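Welcome! Please take a look at the structure below, and then let us walk through a few of its parts together.

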Amino acid sequence: MPLREPDELKQSVSLHIGSSFTSAWESVLLPWFKEVKLASLKNNETIAVATPFPSGVAFLRSKLLEYEIPLLGVKFITPPRLRELLLAEDAFSLSLREHLRLVLAIAAESAASRISANVDLAAIAKSISRSPDNLLRTFDQVSAAGLNFQDIGAPAVREIIQEFQDLVRQCEFKLVHEADRDALAAAKSAPPRFSDLLSIGFTAKHWPLWPLLQAAVSFAKRATVVLEYPREQTRAADESWIGTWEEHFDSAAPIPDRTERNRPFVHLNQPAISETDSASRREPQFLVGLNAIEQAQAICAIVFKFLAEKSCTRLGILFPRAGALARLVSEFLTRSGIPHHDAIGHLTPGEFEEPSWNAWLHLQENHQLGPVLRFLEANPDSMDGLSIQEVRENLRWVYRQILIDDINVLREYCARQEENQKLVQIAKLLRSIAFLPSKAKLAQFLTETKPIFCKLKWDNRWTEIDRLVQRWSTASSVEFSRAIYLRWLKEILDSFTIGRAPQADHVYSRVHLLSYCEADEHEWSHLILAGLNQGEWPQSQRESGFLSDEEIADLNARATRRGKQGEGHSVLARDKTFLLSSQDERQIALRQFSAALESAEHGLAITASLLQESAPERVWNPSELFSQAYFVARNAPLSQETMSILREKTTAWLKDQQLFESAPVTDTGIDQTRIAYEARRNADVPFGEYEFALREPIAREITLAATEWQRVVKTPALVWLEKYLGIENQESDLNQWNAATGTWVHDWLARVAASEEKNAFVDFPTADQMCDRIAGAAERFRKTVVDLCASAGRPVPDWWNSGWNNAFALADFLASKLAEARGQPRMAAEWRLESPQLLSLGDGNKLRVRGRIDLILAQTQPNDSQLAGADIWIVDYKTGSQKPLTPPGRTPDARAANLRKKLVRGDAIQLGLYGLAARELGAAEIRLSILSLRTELDRPQLEMTALAAASDFWSELYRMQETGIFGLRGLIRNEFGFNPDYPLATLPIDKEFLDEKWVLTHPAFADDEDDRS
């Protein structure tokens, strides 16, 4: 790099210090801009203005436009762009934040494996590997301050940081603080980059940028730096900031305050004590909305009021951060046709933000049934001719059979079902899904990723990855986990951008939306301080877990020196910067709020919400700043009652303004929604078309299983959605312990008959034969699952063995009770009904049903498979704690009434349908029993004649079948139990309404004592 010529070594740096932007503008900034205007066009040299934020650039441009000063040739830059200009071609060596998080996570995971013997230190390392950003911020802060982390961190953290720095060097990354100091060192010998440089708006908040700003000034022939007098909240940091500038350059010249700017709201920070100050005071307007929407409406209403005033030349709306409130305000202003500049904006998804991408990431991290179904649904091109419904139904069936949802085990199971071509095809589909290795080097991960992306046609994603890693992907030889790699992929392929409406992108408009932290060095005729609720601003600050505030204060004290000006001149030692603690950050926020109050000249409004957005049922306290301003302005404390009164006044004022009252909507869809809403809550009419009921019967025949008929009086809406609309919850509960246990027990108990022939009677086995057959079936099933797991390279989970033991014990217990059924020499297991099986109910009505009877006991061999003339005993297995069917009661009428309750509550429907089917098949005498943990088989529990007597009940089921009118019953969400999820959004309705409509619609299902949920 060429050295500077002797005449180039002459450098002029002028420091100026003042109390306000207005005085600096008149005395320093305006003369500077007048002097340099069009200069770069004449001598082809760079003239730059450095400010902390783009909003500061917009403000300066508007001021120059106001004074008709040309902007050609003047570069307005923020720190990132300034760094690029100073580093030139070396800027490409700066590492991305995402890469540094990856490297730090790798270092932490590697350290955790080495120190696994020390449980506490290993836990710290694992925590850092899962969330490296906290430590990385602390490392950046310490390194930018010119300190060595090895001297201050905990032992485990020091080891991680040491390995992190080694990996950084291997990858040839350059850290930001290193680049800034390199630029400062290069400034001593490199030619100037700027002919004139103006730095404004940088305060003690920007201490980490000190080396960069110092380098920028050193790279300028003539530099002008505007500083601000220390404020009480951040005096120590401010004095060191100013003192260090003066130590390296020259004393700052005070800026005379030549203009008398009106500051009518300064007393809200420090109440005026003189009569003159009291006379100049003005009171702010306090607005409280119920929530973010109403607060946004209040903000827009006050914007219209301020804009109507002649004195309104520049109106600022400050927000704690990007979020719903700022976006709503921008949206309302856009709808009202008010041009404004939204410096905050909102995140908008880019080309990479697709459901298929997120589904793939989740699948790679979790090789389970749920993620693979979501991935296949999001990538229909990967289905190989299958439909997602077929795949979902079959895989869920397989899962219920083996209760292991690992995709490799499910694939092995499907591949072995050679008689079922659909499962074989699904196995082929699952085999086509490629998974990343659980642990690998970065280069290997990338090699595995490329063909996957190519197959999924994600060429743009791979191009972006290749662009970002082509220089360093092979530098590291450390293996790390797939979870770290996937997190890094998600970060580097994040394509979200800051978006705003065209109406919100007017830089030179009067209305500006920006955050509190960007509002320094602005002046406003009118100002709105929005979102001042507890925890929003100042935001809650917590000490770093790696560097406490006490340690930071000690480090700052050790780095502070007395400057060349003598006593009282505080400076930081060479190559050191001031560390900002959590308390410093809080004080800076308070300082920014104070500066904002002082910057408003004619009007001020302060707003908050009454209720929390995340918990609308909870009151949201105002922030301390809102409370302080209210107390000073009204000389009264701000209570919850006062907040409610302010909200009522705000609502009344908004109503008077009539700004947001919408005209009557004639949209038929919205009208129809209202009609449906009211119809569903009218308890005087039966269920109709808005309540899981058909308007007219359909030609297609619907056949329900016996278990579904039993559910139809408990959750009719779910059955209706599945049968008539063909939809069910896509995210069913995959933790189906009870369902799997029931399936296993039924399958093993079916083996007691030892017959492969369909619907065949065999001799009743002995108790020992039953136990042996069940044990053999259970053991064969266990070996099958063990072999599946071995083929898939997975160990059998301990919880699965525990579940299998539980199911085996339950099956063995039920078999011992089954052996008590004396006097029944013949039995048939798993008796399959026709599909559909028609049940005659009288008057020619036929109820359709399908299903399988668990066990039929008979004293004699029936003549044929139709059970003609047989006396039978139907037994239904239940793996829960169901009670016997025997109705309690001392009199026949009492027993009949209690049996009726069992029917209308869905406890006896399944067995009743089996009894009706047996009667249809010709059985002469039919008895019924439930076999469960709480029942015995010493005698039948119920005669079929008792159930058949409830003819109106069975006829009502037939009417439901023919009309398709089901209705809604039960709680949508049960706080004290488990309810199935609805596949469509369904609003809950009061139970009292539903009970009345249920009886009106299905009189035969009336239950006078039904007070259950």
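## Where helix 30 meets helix 32

In this predicted model, helix 30 touches helix 32 through Trp737, Thr741, Trp744, Val745, Trp748 and Leu749. On the other side of the contact, helix 32 offers Trp799, Trp800, Gly803, Trp804, Asn806, Ala807, Phe808, Leu810, Ala811, Leu814 and Ala815. Sorted by class, the residues where helix 30 and helix 32 meet are 14 nonpolar and 3 polar, with no charged ones.

How do the two helices lie against each other? The axes of helix 30 (residues 737–750) and helix 32 (residues 798–818) come within 9 Å and cross at roughly 45°. Because angles from 35 up to 65 degrees fall outside the parallel and perpendicular ranges, helix 30 counts as oblique to helix 32. Their crossing is right-handed.

## A sheet of three strands

Next, find the open sheet of 3 strands, whose order is 19-23-22 and whose pairing is mixed. Strand 19 (704–705) and strand 22 (837–840) are at the edges, each with a single partner strand, so each has one side without a neighbour in the sheet.

Strand 22 pairs with strand 23 (residues 846–850) in the antiparallel sense, over 4 bridges. Within this pairing, Leu839 has Leu847 of strand 23 as its bridge partner. Helix 34 (residues 909–920) packs on the sheet, where it touches strand 22 and strand 23. The direction of helix 34 makes about 85° with that of strand 22.

## A mostly covered helix

How many residues of helix 16 are buried? In helix 16 (residues 369–378), 7 of the 10 residues are buried, so that the helix is mostly covered. The buried residues are Leu369, Gly370, Pro371, Val372, Leu373, Phe375 and Leu376.

You can also look for what lies over these residues. Their cover includes helix 15 (355–365), helix 17 (388–402), helix 18 (407–416) and helix 19 (421–431).

## Where helix 4 meets helix 10

Now turn to another pair of helices. The axes of helix 4 (residues 79–87) and helix 10 (residues 210–218) come within 11 Å, crossing at roughly 55°. That angle makes helix 4 oblique to helix 10, and the crossing of this pair is left-handed.

Helix 4 uses Pro79, Leu82, Arg83 and Leu86 to meet Leu212, Leu213, Ala215 and Ala216 of helix 10. By class, the contact of helix 4 with helix 10 has 7 nonpolar residues, no polar ones and 1 charged.

Technical notes. Residues are numbered from 1 along each chain as its sequence is written. This is a predicted model: local features need pLDDT of at least 70, side-chain atom pairs count only at pLDDT 80 or more; totals for chains, interfaces and linings use all residues. Side-chain values use heavy atoms; hydrogens and water are left out. Axes are lines fitted to C-alpha atoms, for helices over the stretch in contact, and angles run from 0 to 180 degrees between N-to-C directions. Angles under 35 degrees count as roughly parallel, over 145 as roughly antiparallel, 65 to 115 as roughly perpendicular and the rest as oblique. A crossing is left-handed if the near helix is turned anticlockwise from the far one by less than a right angle, and right-handed if clockwise. Contact means heavy atoms within 4.5 Å. Ala, Val, Leu, Ile, Met, Phe, Trp, Tyr, Cys and Pro count as nonpolar, Asp, Glu, Lys and Arg as charged, and the others, Gly among them, as polar. Two strands pair if DSSP finds at least two bridges between them. Buried means under 20% relative accessible area, exposed over 50%, partly exposed in between (1.4 Å probe, protein chains only).
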